[in-house]
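Dear colleague,

I am passing on the structure we spoke about, and I would be glad if you could look through it before reading my notes below.

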Amino acid sequence: MYLNPWVLEAGVAFRSAQLSIRNILLVLRYVVSIIHVLYFHPLAHYPGPKSWLLTRLPFARGLRHGTLIHRLRALHDTYGPVVRYGANELSFTDPQAWKDIYGFHGGPDRNFERDPRFYQAAPNGAPSILSAANDAHVSVRRLLAPAFSDSALKAQEHILHDYVALLMAKLHALAAASDPQPVNLANYFQFTTFDIAGDLMYGQSFGCLDREEYHVWLKVMTAFFKRLIIGASLVALAPWIRRWLPYLVPKKYQEQTRQRFAFTVERVGQQLAQGETPGRSDFMTHMVRTVGKTGFALQRPELDATFDVLASAGAETTATALTGTVEYLLRNPAALRRLQGEIRAGFKSPAAITVASTASLPYLAAVLNEGMRLCPPAPSMRPRVVPEGGAVVCGKWLPAGTSVGIPLWSTFRSAANFAQPDAFIPERWLEASQGGVELQPHEPRAFMPFSFGPRDCLGRALGWAEMRLILASLVWHFDMEDCSPPPGKTWEAQKVFVMWGLEPMMVQLRARHGVKS
Ligand code: HEM
């Protein structure tokens with residue numbers, strides 16, 4: 001067929017005009033959306049860096065490099081207690097925000113939901129206690145809560161003592177070597193808390209202390225957190241990538257994750273088959289008992305998903321708090337001396353160091369509080385979404401769907417909440433009659449290392465018990481000297497990939513004169 005060249009030319013001209021109109025419309029749409037985000041969006045009056053509003057690049061880079069908590073802190077230092085760090089996202093360091101965002105609002109349907117972009121289902125696709133939506137979460141929490149009661153903790157205490165004694169024995173052996181070398185205490189804290197978690201949650205220890213090395217389950221878990229963050233940074237830039245992510249992970253890592261989860265499933269299965277074990281007070285025994293009493297049970301996939309997160313929720317956090325606290329004690333010899341005085345005068349023998357006896361030591365509690373303030377084990381923000389109908393946060397109404405949260409690291413190190421925010425001053429947590437100092441500002445309402453409200457930490461009492469037993473025993477048994485290679489390890493420089501990427505903490509241990517394991 002013959003086509004007149006004029007017609008052809010007109011066709012080409014028409015198509016390119018169509019294309020340029022489409023391009024112009026796209027650019028116009030982008031410009032309009034920028035103007036909307038900057039000037040007409042309901043959050044437009046909140047302060048924040050424009051570069052973070054127009055592209056997700058700074059946020060994604062922070063995630064990817066493990067520096068998001070540091071960047072958010074710098075933003076709060078510049079812009080104040082509320083920062084708009086994304087088009088629809090606000091970060092708060094104001095203490096009132098704990099109650100307004102994370103508190104009880106009259107029922108699971110009215111409490112702020114977790115921002116699903118920040119929570120991940122387990123490898124079997126089922127929600128865990130951490131990722132479940134509010135209504136499903138209520139049942140999981142009810143089922144698990146008895147395992148964390150005061151009476152359960154009393155019955156579990158002998159298990160904690162066994163592992164603390166094993167830790168002390170291992171450290172004594174290292175200190176008594178003919179040429180004693182500095183010990184990486186960060187590792188030994190993790191070995192201990194993971195062994196306790198394994199015993200309480202899976203019915204048997206991970207054996208880390210015995211072998212003095214990490215169990216493969218933990219190594220894979222830590223590597224998984226890093227990959228999770230790489231994935232999250234990609235999703236932040238291009239949300240549509242989420243469904244393709246599983247295909248982007250190399251087969252080798254997929255297989256490792258599958259095997260690690262299979263280990264959890266196997267242990268949960270063994271525990272369930274065993275049922276309620278007389279004389280044991282582990283988590284599964286409590287749960288089976290609660291199921292017997294209430295008739296309510298979880299579906300197996302949800303149970304597996306929840307038991308899979310329990311170990312790292314409980315162990316890594318507690319070990320991190322201990323590592324951070326000891327690091328600051330080593331940097332502050334006067335505080336270490338005062339703690340030694342309290343503990344060594346308080347206990348004639350290690351057998352006297354118990355959960356109850358350590359609870360009455362004010363300086364030990366102050367030191368651990370100050371350690372968790374400077375080194376919060378869960379330092380990142382856990383964002384929530386403003387529910388239908390909107391809500392008031394820190395005195396201002398916010399529309400439904402706004403993502404809001406509190407970054408713990410920025411909040412605990414904010415000069416608006418704590419005087420000399422980067423200094424280790426345990427005395428700030430004590431009354432004057434206990435030898436405390438009054439520093440202003442001092443906002444204990446801002447300090448929620450275990451979070452707040454219906455989804456706060458279930459393991460707070462267990463975590464405190466472990467921290468007190470381990471730190472008191474360590475200080476009772478050993479003198480310590482910081483041996484981190486120059487220029488010295490600083491907590492602030494460490495990166496965060498869900499949890500802190502802990503650098504080695506090298507400490508020279510010397511058994512106190514006449515003290516043996
Ligand atoms: C110093 C020690 C600990 C700290 C600082 C800590 C901190 C936290 C924080 C901040 C949350 C909220 C997480 C979120 O909203 O996404 C949480 C939740 C949780 N923690 Fe801990 N934790 C510690 C020890 C433990 C221990 C020993 C256990 C025992 C297994 C544990 C079990 C849990 C559980 C089950 C949840 C989820 C609660 C729920 O969603 O209802 N934690 N923890």
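The notes that follow begin with the ligand and its iron atom, then turn to one helix and to two sheets.

Please keep in mind throughout that this is a predicted model.

The iron atom of the ligand has a single protein donor, Cys457, whose SG atom lies at 2.3 Å. Cys457 sits in the loop between helix H18 (408-412) and helix H19, and Cys457 is also among the residues that come nearest to the ligand, together with Arg114, Tyr119, His137 and Arg141, out of the 28 residues around the ligand.

Which side chains place a polar atom beside an oxygen atom of the ligand? His137 does so at 2.6 Å, Arg141 has a side-chain N or O atom 2.7 Å from a ligand oxygen, and for Arg382 the distance from a polar side-chain atom to an oxygen of the ligand is 3.2 Å. The elements that contribute two or more residues to the shell around the ligand are helix H6 (134-144), helix H14 (300-331) and H19, and of these it is H14 that gives the most, with 5 residues. Sorted by class, the shell holds 16 nonpolar, 7 polar and 5 charged residues.

Helix H19, which covers residues 460-477, has 18 residues and spans 26 Å from its first C-alpha to its last, close to the 26 Å expected at 1.5 Å a residue. Is H19 mostly covered or mostly uncovered? H19 is mostly covered, since 16 of its 18 residues are buried.

As for the sheets, one is an open sheet of 3 strands in the order E4-E12-E9, with antiparallel pairing, and its edge strands, E4 (183-184) and E9 (478-482), each pair on one side only. Strand E9 is joined to strand E12 (residues 506-511) by 5 bridges, the two running antiparallel, and Phe478 has Ala511 of E12 as its bridge partner.

Another open sheet has 5 strands in the order E1-E2-E8-E5-E3, and here the pairing is mixed. Its edge strands are E1 (82-86) and E3 (113-114), each of which pairs on one side only. Between E1 and strand E2 (residues 89-92), which run antiparallel, there are 4 bridges, and the bridge partner of Val82 in E2 is Phe92.

If you open the model at one place, I would suggest Cys457, the only protein donor of the iron atom.

With best wishes

Conventions. Residues are numbered from 1 along each chain as its sequence is written. This is a predicted model: local features need pLDDT of at least 70, side-chain atom pairs count only at pLDDT 80 or more; totals for chains, interfaces and linings use all residues. Side-chain values use heavy atoms; hydrogens and water are left out. The expected span of a helix is 1.5 Å times one less than its number of residues. Buried means under 20% relative accessible area, exposed over 50%, partly exposed in between (1.4 Å probe, protein chains only). A residue is near a molecule or strand if one of its heavy atoms lies within 4 Å of it. A polar contact is a pair of N or O atoms within 3.5 Å; within protein, one must be able to donate a hydrogen and the other to accept it, and residues adjacent in sequence count only if both atoms are side-chain atoms. Ala, Val, Leu, Ile, Met, Phe, Trp, Tyr, Cys and Pro count as nonpolar, Asp, Glu, Lys and Arg as charged, and the others, Gly among them, as polar. Donors are N, O and S atoms within 2.8 Å of the metal (3.2 Å for Na, K and Ca); water is not among the atoms, so sites may look incomplete. Two strands pair if DSSP finds at least two bridges between them.
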